[in-house]
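The following exercises concern the architecture of a single chain. Each task is followed by a solution in steps.

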Amino acid sequence: MSKGANPISSRRVAVIGAGAAGLVAARELRRESHSVVVFERQKQVGGLWVYTPLAESDPVSLDPARSIVHSSVYSSLRTNLPRECMGFSDFPFVPRPGDESRDPRRYPSHREVLMYLQDFAREYKIEEMIRFETEVVRVEPAAEDGRKWRVQSVSSGCLTDEFFDAVVVCNGHFTEPRLAHIPDSWPGKQIHSHNYRVPGPFKDQVVVVIGNYASGADISRDIASVAKEVHIASRTIASEIFEKLPGLTNLWLNSMIESTHEDGSVVFQNGKVVYADTIVHCTGYKYFFPFLDTNGYVNIDDNRVGPIYKHVFPPALAPGLSFIGIPFNALQCFMFEIQSKWVAAVLSGRVMLLTRDKMMEDVVAFYEKVEAKRYTHRLRDQVEYFNWITEQCGCLPVERWREQEHSLGDDRIFTQCDTYRDQWDDDHLIAEAYEDFAKLIQ
Ligand code: FAD
């Protein structure tokens, strides 16, 4: 750990967002004696886990004037990872026996995750730091060296202008959809998974679902329960593939779409042709920070947010500006927690960063190793990344069972996509996890 020379100092810090990342960031910042204001545009904590039956007014979320809905959660959603590995390290996500409103399953419903985050906020009295229904509309450096920040927010139509020593961005990255290109001449309906809630509207339709990762696999099965036919288009399989998927009589897996036509037909690379009513884009999301103005220093290029050192600090603006939760394909809550501990410790002066030039050198060297810009934030070795951060701030490394549950769980999404939430063979990891939890709960 690189220890700071300065005594611990307290800063005034703005946290944007009260989802899982913002909640734990607030806790860690306060633990490090900072004074924290959390800005949250929704009425409650939980971020994307706050389910709403409402969808945006534009089903593909392209219209800049559309109504914005934050959550991308659909009604039937259960977690895609086992609950043991999803919680924060010292506040395990365990079933709550005796409370019938709770879902004790290993892969519980979205509501259980929301209740877990509400429990966490209550336990650590985080709500007292949050300004609800307050949207941050602008963040900009108020001093050239990034040591003061101006934050403008709007609540009940009133604009407030304030200054902070630091801003921690925790606004999530599952709200701004990425779409596959379908020419306007195709006459059917289109929707992005961000706006998918229930299968009812697809009754008796022929539906093409683009994308076969967690959401695509779930949504195609959900829709197939009422639709006439569902055809998944996947870019990760060989071009000749055409296969009926198990468990349902009307669900097929195809290679990617080759072309679409004015008569409503969709032609796949495998040569199959279907006349579809709707295309559902399960094609992921884009990073989006509409409130952030760094004079072009931090920008998004092909889904690379840069430049940022170790996915957290933009070198020229560090430590005043930081991001929690940018990497994907990683243990989310654990990562949010250790990134937050690092930011809190750097801001207090307990842990030092490299010089800005050295951080930039590290960023440049890292970019040289990344195979494509859009994969910049996909962690290739999350254990290495986590261990580097935990070493910086002197906290415990990731537990073996947590990392293995995540990697086995991630594999199961592909290998047994229709059964993975109820069938598994890693009971030994559950036992290891609960041994650790018992020490915390005593
Ligand atoms: P969010 O939960 O999105 O929170 C961001 C918060 O910032 C929101 O409350 C929002 O209102 C607020 N905000 C945004 N902009 C502003 C602004 N300008 N001003 C004020 N407030 C603002 N991960 C898992 O570990 N397991 C799973 O099973 C799992 N399933 C998922 C399923 C889906 C469909 C999706 C999309 C993601 C899933 N994830 C899962 C990943 C998920 O991203 C993380 O689990 C985590 O909850 C994200 O937390 P966050 O705080 O980064 O973002």
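The centres of domain 1 and domain 2, taken over C-alpha atoms, are separated by 31 Å. The model under study is predicted.

**Exercise 1. Describe the division of the chain into domains and the contact between them.**

Step 1. Domain 1 comprises two segments, 12–175 and 285–436, while domain 2 covers 189–281.

Step 2. At the contact, domain 1 contributes 16 residues and domain 2 contributes 18.

Step 3. On the side of domain 1 that touches domain 2, eight residues are nonpolar, six are polar and two are charged.

**Exercise 2. Determine the strand order of the six-stranded sheet and identify the helix α4 contacts.**

Step 1. The order is β9-β17-β10-β11-β13-β12. The sheet is open, and its pairing is mixed.

Step 2. The edges are formed by β9 (189–192) and β12 (242–244), each of which pairs on one side only.

Step 3. With direction ignored, neighbouring strands of this sheet are turned against each other by 20° on average.

Step 4. Helix α4 (residues 214–224) packs on the sheet and touches β10 (206–210), β11 (229–233), β13 and β17 (278–281). The direction of α4 makes about 165° with that of β11.

Step 5. At one edge, β12 and strand β13 (residues 251–254) are paired in the antiparallel sense over three bridges. Phe-242 is placed opposite Asn-254 in β13.

**Exercise 3. Analyse the three-stranded sheet.**

Step 1. The strands follow the order β14-β15-β16 in an open sheet with antiparallel pairing.

Step 2. The edge strands, each pairing on one side only, are β14 (257–260) and β16 (273–275).

Step 3. From one strand to the next, the twist averages 25°.

Step 4. Strand β15 (residues 265–268) and β16 run antiparallel and are joined by three bridges. In this pair, Val-267 faces Val-273 as its opposite residue in β16.

**Exercise 4. Trace the pairing from β4 through β5 to β6.**

Step 1. β4 and strand β5 (residues 149–155) run antiparallel, with six bridges between them. Val-139 stands opposite Val-151 in β5.

Step 2. Strand β6 (residues 158–164) is also antiparallel to β5, and seven bridges join the two. Here Val-154 stands opposite Leu-159 in β6.

Step 3. β5 and β6 form a hairpin with two residues between them. Ser-156, in the turn, has a positive phi of about 45°.

**Exercise 5. Characterise the packing of helices α5 and α7.**

Step 1. Two packed helices are described by the angle between their axes and the distance between the axes.

Step 2. For helix α5 (residues 332–348) and helix α7 (residues 382–393), the angle is about 35° and the axes are 9 Å apart. The crossing of α5 past α7 is left-handed.

Step 3. From α5, the participating residues are Met-335, Ile-338, Gln-339, Lys-341, Trp-342 and Ala-345. They meet Phe-386, Ile-389, Thr-390, Gln-392 and Cys-393 in α7.

Step 4. By class, this contact of α5 with α7 has seven nonpolar residues, three polar and one charged.

**Exercise 6. Which residues come nearest to the ligand, and how is the shell composed?**

Step 1. There are 31 residues around the ligand, and those that come nearest are Gly-17, Gly-19, Gly-47, Thr-79 and Gly-172.

Step 2. Two elements give two or more residues to the shell: α1 (20–31) and β4 (135–141). The most come from α1, with three residues.

Step 3. Sorted by class, the shell holds 14 nonpolar, 14 polar and three charged residues.

Terms used. Residues numbered from 1 in each chain as written. Predicted model: local features only at pLDDT ≥ 70, side-chain atom pairs only at ≥ 80, totals over all residues. Axes fitted to C-alpha atoms, helices over the stretch in contact; angles between N-to-C directions. Helix = DSSP H or I, 4+ residues; strand = E, 2+ residues; numbered from the N terminus. Left-handed = near helix turned anticlockwise from the far one by under 90°. Contact = placed C-beta atoms within 7 Å. Nonpolar A, V, L, I, M, F, W, Y, C, P; charged D, E, K, R; others polar. Pairing = 2+ DSSP bridges. Near = placed C-beta within 6 Å. Domains from an automatic or database assignment.
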